[in-house]
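Visitor: I would like a close look at one part of the model, the salt bridges between side chains. Please take me through them pair by pair, with attention to where each partner sits.

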Amino acid sequence: PPPSEAMEVVLVAGKGPEVPSDAIMSIRAGNVRRQAPIAAGKPFRFPANAAQDDKLIKFDILTRLATGYLVLKPEKSGAAQYKVSFRGAADLSCEVEVRPADLAAPAEAPEAEDLGLRAKDAKEYLESAGVLQFMQTALQVLVKERPVDPFSFMARHFNGGYGAEAPRLAAKGGHAPPEAPEAPEVPEAGEAAGAEEAKAAAPEEEAQAPAAPEDAPPAEEAAA
């Protein structure tokens, strides 16, 4: 969507094992997370620019383990501690503290050391798998060629230079297996019977035809 417009994600269809009716779809775009029961059929609405930075949307399907409720007391100020007992799970409970919060305070950012370790680990994986070099080379070719459809162009290189369907390779040797020979055409029952009758009748006709004498005079002499 354009950067100035909000974004909606709508669940159109699903495929796979049956999902429980009380399952929850959780969608995260950027730092914004929306979740609702899958059976609700409502769109998930995100603010503008929610996924503009990394163009990534994450989907999670969650199942309900237990349910608990908490009724807040009309506290005038300060914090209050509560215990929540969950229905559907034996001896499952938790204690929470409800207190005023400063909405203007920025969220805690991850430490720079953690970010550095994650970036290093990701780079090592990409280099060991050969993905980093492959992507760099493919992007260089993309910029050089500048195709009209860059995504199909990249997909073709991901597929070894082939289109949507790559040739089927053998398990060993890297060569395509030979094609199976075409089966000979089998005549139908009526055609086969007719051919056998014609073949059997041919010698009888040859036997009935009189053989010409070896020393027969030419046709002109016989007429004279």
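## Salt bridges, pair by pair

Guide: In this predicted model, E97 has a relative accessible area of 48% and is therefore partly exposed. Its partner R99 reaches 58% relative accessibility, so R99 counts as exposed, because the exposed class begins over 50%. The side chains of E97 and R99 meet in a salt bridge, with N to O at 4.0 Å. Elsewhere, salt bridges with shared partners connect R33, K58 and D60 into one network.

Within that group, R33 is paired with D60, and the closest N and O atoms of this salt bridge lie 3.8 Å apart. The pair links distant parts of the chain, since R33 belongs to strand β3 (residues 32-37) and D60 to strand β5 (residues 57-62), the two being 27 residues apart. R33 is partly exposed at 39% relative accessibility, and D60 is partly exposed at 22%; the value for D60 falls in this class because only residues under 20% count as buried.

A further salt bridge joins the side chains of R45 and E8, where the N to O distance is 3.0 Å. Because R45 lies in strand β4 (residues 44-46) and E8 in strand β1 (residues 7-9), this contact ties together parts that are 37 residues apart in sequence. Both partners are partly exposed, R45 at 48% relative accessibility and E8 at 45%. Taken over the model, the count comes to 4 salt bridges.

Definitions and conventions. Residues are numbered from 1 along each chain as its sequence is written. This is a predicted model: local features need pLDDT of at least 70, side-chain atom pairs count only at pLDDT 80 or more; totals for chains, interfaces and linings use all residues. Side-chain values use heavy atoms; hydrogens and water are left out. Helices (H or I, at least four residues) and strands (E, at least two) are DSSP runs, numbered from the N terminus. Buried means under 20% relative accessible area, exposed over 50%, partly exposed in between (1.4 Å probe, protein chains only).
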